[in-house]
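This briefing covers the nonpolar cores, the salt bridges and two individual sites of the structure below.

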Amino acid sequence: MTKPTLILADDHTLVVEGFRRLLEEHCTLLATVGDGRALLDAVARHTPDIVILDISMPVLNGIDAARQLRAAYPGVKLVFVTMHADAAYIRAAFKAGASAYLLKGSLGEELSQALRTVQAGGYYVTPLITKEVIDALMQGGPAAMTHPVDLTARQREVLQLLAEGCSAKDIAARLNISPRTVEFHKAQLMEQLDLHSTVDLVKYALANGFVGAS
């Protein structure tokens, strides 16, 4: 089987270096990036066969990055490797277009197996996911990561960056929009979510998986 081309997205240097050693034998690694926005740019430049990504990443989280990649590059396979073992995150990942879901405690051989599976057109979920989580997935599980208000992609980007402590000026520079547009999105978020301060927005973002420790 031909070696697939691959981009790796994770904001932890040690994780990236560990993955690099594991992947060299099985894949052609085109690029490594540390945030979701850089991932979108790298995929646009290289169009890999497979993307390995985390859920919790700065600037743009893995779930939202996956949604955008699935829309723009439906042929690219998405493999999540993350610390999140909750049913809500797994469901959100596959809804966003994932072909595989592994935990960071998975063995290196398992990652190789997952890559072979998705390259052949299949799906893979790590055996480290507990029976309780699988049951929750099968039964619909908790509603986390499924938001009652349908936020646009831009609103989700602004919300994550606000939660990461970025100012309106910083967000405008990152997203190539004006600070006034950022404030407009922030006001819309508050109105749609019935929230009344930046602190409330940050709490919402943390509670709903937009940001978090990885």
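The largest nonpolar core (a set of buried Ala, Val, Leu, Ile, Met, Phe, Trp, Tyr and Cys residues joined through side-chain atoms within 4.5 Å) has 29 residues, and Leu-39, Val-51, Leu-53, Phe-80 and Tyr-101 have the most contacts inside it. This is a predicted model, in which local features need pLDDT of at least 70 and side-chain atom pairs count only at pLDDT 80 or more, while totals for chains, interfaces and linings use all residues. Residues are numbered from 1 along each chain as its sequence is written, and side-chain values use heavy atoms, with hydrogens and water left out.

**Cores**

- At least two residues of the largest core come from each of strand S1 (5-9), strand S2 (28-33), helix H2 (36-46), S3, H3, strand S4 (77-82), helix H4 (87-95) and strand S5 (98-103); helices (H or I, at least four residues) and strands (E, at least two) are DSSP runs, numbered from the N terminus.
- Another core, of 22 residues, lies apart from it and includes Val-59, Leu-159, Leu-175 and Tyr-204.
- Not counting residues up to four places away in sequence, Leu-39 touches Ile-7, Ala-9, Val-33, Val-51, Leu-53, Met-57, Ala-65 and Leu-69 (contact means heavy atoms within 4.5 Å).

**Salt bridges**

- The structure holds six salt bridges (a side-chain nitrogen of Lys or Arg within 4 Å of a carboxyl oxygen of Asp or Glu).
- Lys-104 pairs with Asp-10, their closest N and O atoms being 2.9 Å apart. Lys-104 lies in the loop between S5 and H5 and Asp-10 in the loop between S1 and helix H1 (13-23), so this pair ties together parts that are 94 residues apart in sequence.
- Lys-104 also forms a salt bridge with Asp-54 (3.0 Å, N to O). Asp-54 sits in the loop between S3 and H3, so the pair ties together parts that are 50 residues apart in sequence.
- Lys-104 is partly exposed, at 28% relative accessible area, whereas Asp-10 is buried at 3% (buried means under 20%, exposed over 50%, partly exposed in between; 1.4 Å probe, protein chains only).
- In helix H3, Arg-67 and Asp-64 lie three residues apart, about one turn of the helix, and their side chains meet in a salt bridge of 2.5 Å, N to O.
- Arg-67 is partly exposed at 34%, and Asp-64 is buried at 5%.
- Shared partners join Asp-10, Asp-54 and Lys-104 into one salt-bridge network.

**Individual sites**

- Asp-54, between strand S3 (50-53) and helix H3 (62-72), is buried at 0% relative accessibility.
- Thr-117 lies in helix H5 (residues 108-119) and is partly exposed at 23% relative accessibility.
- Leaving aside neighbours within four places in sequence, Thr-117 is in contact with Gly-122, Tyr-123 and Tyr-124.
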